Amino acid sequence: MSSDLHFCTITDLSAQLAAKELSATDLMSAVIARTRAVEPRVHAFNSCDEANALTQAAASDARRDDGQSLGPLDGIPIALKDVIAVTGQPLTASSKMLEDFVSPYDATVTTKLKNAGAVLWGRANCDEFAMGSSTENSAFGPTGNPWDVTRVPGGSSGGSAAALAAGEAIAALGSDTGGSIRQPAALCGVVGLKPTYGLVSRYGLIAYASSLDQIGPFARTVEDAAIVLGAIAGHDERDSTSFKTDIPNYRAELATRRGPWKLGIPKEYFAEGLDPEIGAAVEKAIAFYKSQGCEIREVSLPHTQYCLDTYYIIATAEASSNLARYDGIRYGHRSKNAKDVVDLYFQSRAEGFGAEVKRRLILGTYVLSSGYYDAYYLRAQKVRTLIRRDFLNAYREVDALITPTSPIPAFKIGEKSDPLAMYLCDIYTIGVNLAGLPAISVPCGFTKSNLPIGVQLIGQPFQEANLLAIAHAYERAHEWSAKTPNL
Amino acid sequence: MNYEAVIGLEVHVQVKTRSKIFTRVATGYGHEPNTLTDPVVLALPGALPVMNKAALDAIIKAGLLLGCEIAPVCKWDRKQYFYPDSPKNYQISQYDQPMCLGGTVEIELPGSARNIMGEHKKIPLTRIHLEEDVGKLNHGATDSLVDYNRAGTPLMEIVSDPAMHTAEEAYAYLTSIRATMIYGGISDCDMEKGQLRCDANISIRPVGETRLGTKVELKNLNSISFVRDGIAHEIERQIALVERGGTIVQETRDYDGMAGTSQSLRSKEEAHDYRYFPDPDLMPVKVDAAWKSRIQAECPELPFVKQRRFFEQYQLPYSLTSVLVWDRELADFFEEAAKLSGKPQPVGNWIANDLLRELGTAGLGLAESKVRPANLAALVRMVESGAVLGHAAKEIFVAMFATGGDPAAIAEQLGLKSAPTDAGELEQWCRDSIAANARALAEFKAGKDSAINAFKGSVMKAAKGKVNPKLVDETLRRLLAAS
Amino acid sequence: MEYAKQLVQVLGHFERLKAVDVSGIEPSSHAFDVTNVWADDVVRPGLTVADALRNALSQRDHMVVVPKVVE
């Protein structure tokens, strides 16, 4: 592990902070210095409020001096994807539509991180309204992958992943609707966890597709991810889809759950289109588990081939409705050229939204139209039931599934202009969202061109403790997360 | 040709809850603009809805009161359209799985005279569902201003079958729904505050025809009398149009109650596609037997049922029940006083005549009345026993209304008590009277019974009015018979 | 035109779902089946007028201005 503060883990830093070998202010200053140094090349953030972060860090130091430390996250700089509301801070969703929007309220995860003493730092860039797999669909310009800034960091939470990989934050939050945490985590060489739908409150998360969206952590290690998840998980009365379940001490559980586990290999996930280097790296990870006494079994998720269409129908339908509120009236971009109120909607939205958002709004509006609803939306909801059933059937035999996270490593900025080709980046991650399952991407190697590779572990509903322990077992025996990019 | 009108009503009722239907900021009317908002009401990025349990209880109660079938499972749908009063540009509503199905609204049509009961009918309902109200637009000369205070207030939509045929029926229907909602504590139904709103679908057809004619939707029927007048006007307009050889077009018309005219707002040619779909932010509602029976236990007896019971139990005339049963507190007041006095009919008369008149004059509500069931019952008992006389009782009542208190004490204080106790004195007055009216005595003896009134007059005069007339009558007859 | 072509292409891709036998399958609107999620009718403070209108570009008399709406 690097000796640079900005590349340290929460685990290390919280120990140093607790021992008063380090102050939160010094840590924050180091992260600010690093950000200033690399941000022109990475562009991980849409905005960062240095003065505000230093004030938070000073407050953390004051608490610690008073013996009132709030735990392992107290004083740790955490970046938030720019779709999560923080009172008094910009909230743009990387859209011109919300370029000047300042949130008058906190998301529930924001409140929870504040209560844990975390220093909220930087609004991370992303695809506009979280729609995309490369962070190129940001109205404020793309983010560079810290391992090769001419390449994308993945998306939609590319800024969060890149900020962490580049040492501009110690952990980050993203949101995952079809792979938007796991895929950029894989492409940037960090850990990314998408929790079970309902484990983390969505209140204050700008909605893309409500029945699929879930907030989750990016971290350098599985243990760090467990710490952040512990801080943000839990039932929230402001989110009707939040689930009432006991939250274990995920970090402590890592030590108690030792396996061996039964792991399933869904054969449909190793079909054509998978990059051979990624295939080989994932095979090695599978071999590792086998060597540790885990039983490896091939399983079938027969509806996998329908995930992509099911996902894009449901996600665009929900998005077309969720984004109707951006009309330039109460907030957001308001066209100066409108003749009347109907024109105001039309012009404001035409000027405020980017091409991919518009594409998805058109698709979503179409699939919900009377006459097409049954053929597209209703049918997709039924296929969704079948997809979820596939996973639950597999879980009768195995504890978790192991697959590649992304079929390809980080690609060049501007390389993929065809939307369908871009949509195929999510091929291994979207089934998880349709089934509402937890899944984690863990670094498992590098390509010959030194681009990170991630392996995905998919767990059973609300069994994050198990999932993290399985991932942790792999991570403990490998050094991938110790590698840092040369920036 | 003779035409028959077919009328269906869509009635919106604001449910009386403290907080909004999908968030916990307060509801209210008449507040400063945009003081009742939060991220959910304003549809800020990231805000999410959470159902209000009280609104669900209220619609189940409405459904049970109107005999609807309560759906075992219902869900929430998004009705999508862009309009500046709708912050999300979709309204959370219930599309194909409403909370209540079927049911009826009992109505009474006007009788041939005020004190004669009219015909009763049961108007079938299609459905009742719950949704959220929108904000309010204030139209200026060059622009419009939006106030979101009303947005998110729980709103029930009660849809009738196209089963009414006259403006009177529609009027009676709305009156009955209003009474039911107020009785159930579901809504105050103040039309001026927009708590009760009504749109009517009206068509005509030749008498005997069973198919429905082209319907016209009439909007802005914003008082109960406008509902009657507007519908009557629309029926006349349609008949006149058809009789002139014209054709009814499907359209929405705006009724101007002050002018008594209507004008076309838009034709329904381009029917809107609302792209309804289930709201992924809200979970479905399951209503089990226990929930229903808990609400059932809170359901009050409705006015018409109460009226039939008052006929049976108290033998009250229609003229009294029709005054007493429409206000739940008044009916309860009556029943308590009737029970305490054992004299329902005089109690009913006192309430319907004296109490309501005094309250009306003073501009007070029943809750503020100093006449309470207990002192009213006491007054009625005093009159019945002859302890006070009719006109004295009226004076006591006025004093009781002004200051409250016990009627016996007031009678004492005002010297209004009749004094029948001294039988000797009464007998002496009677003897004196008979002795002084030889002519009346002769007439009486000759069989003219009314001649007794001449004696009564002078006895009352001697007694200064403070004797029980019944006792005077008895005493006089005894003495006359003996003389 | 490229844009329209892409849309048609994606919609064409969606047609693949027609191959799935969905007879007797319930649609999923949510990731899991939970019912009756609600809150008690208790009032919580909302936003101040200033916060409510802080992001409204056009406002007057504590209200949001829109072009004149004629119903």
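Buried residues make up 23% of the 71 residues in chain C. Here a residue is buried if 20 or more other C-beta atoms, placed from the backbone, lie within 10 Å of its own, exposed if 12 or fewer do, and partly exposed in between. The model is predicted, so local features need pLDDT of at least 70 and side-chain atom pairs count only at pLDDT 80 or more, while totals for chains, interfaces and linings use all residues. Residues are numbered from 1 along each chain as its sequence is written, and chains are lettered from A and ligands numbered from 1 in the order in which they are written.

**Chain C on its own**

Chain C has 2 helices and 3 strands, in the order α-β-α-β-β along the sequence. Helices (H or I, at least four residues) and strands (E, at least two) are DSSP runs, numbered from the N terminus. The C-alpha trace of chain C spans about 55 × 45 × 25 Å along its principal axes. Its radius of gyration is 24 Å, whereas a compact globule of 71 residues would have a value near 11 Å. That radius is taken over C-alpha atoms, and the globule rule is 2.2 Å times the number of residues to the power 0.38.

**Where chain C meets chain B**

The contact takes 29 residues from chain C and 37 residues from chain B; two residues are in contact if their C-beta atoms, placed from the backbone, lie within 7 Å. On the side of chain C that touches chain B, the elements giving two or more residues are strand 1 (38-39), helix 2 (49-53) and strand 3 (63-67) of chain C. Strand 3 of chain C gives the largest share, 5 residues. This side of chain C divides into 16 nonpolar, 6 polar and 7 charged residues. Ala, Val, Leu, Ile, Met, Phe, Trp, Tyr, Cys and Pro count as nonpolar, Asp, Glu, Lys and Arg as charged, and the others, Gly among them, as polar.

**Paired strands**

Strand 3 of chain C also pairs with a strand of chain B. Two strands pair if DSSP finds at least two bridges between them. In chain A, strand 6 (residues 215-219) is mostly covered, with 5 of its 5 residues buried, and this strand has pairings with strand 4 of chain A and strand 5 of chain A.

| Strand | Partner | Sense | Bridges | Opposite residues |
|---|---|---|---|---|
| Strand 11 (residues 143-147) of chain B | Strand 3 of chain C | antiparallel | 4 bridges | V146(B) and V64(C) |
| Strand 4 (residues 171-175) of chain A | Strand 6 of chain A | antiparallel | 4 bridges | L173(A) and P217(A) |
| Strand 5 (residues 191-194) of chain A | Strand 6 of chain A | antiparallel | 2 bridges | G192(A) and F218(A) |
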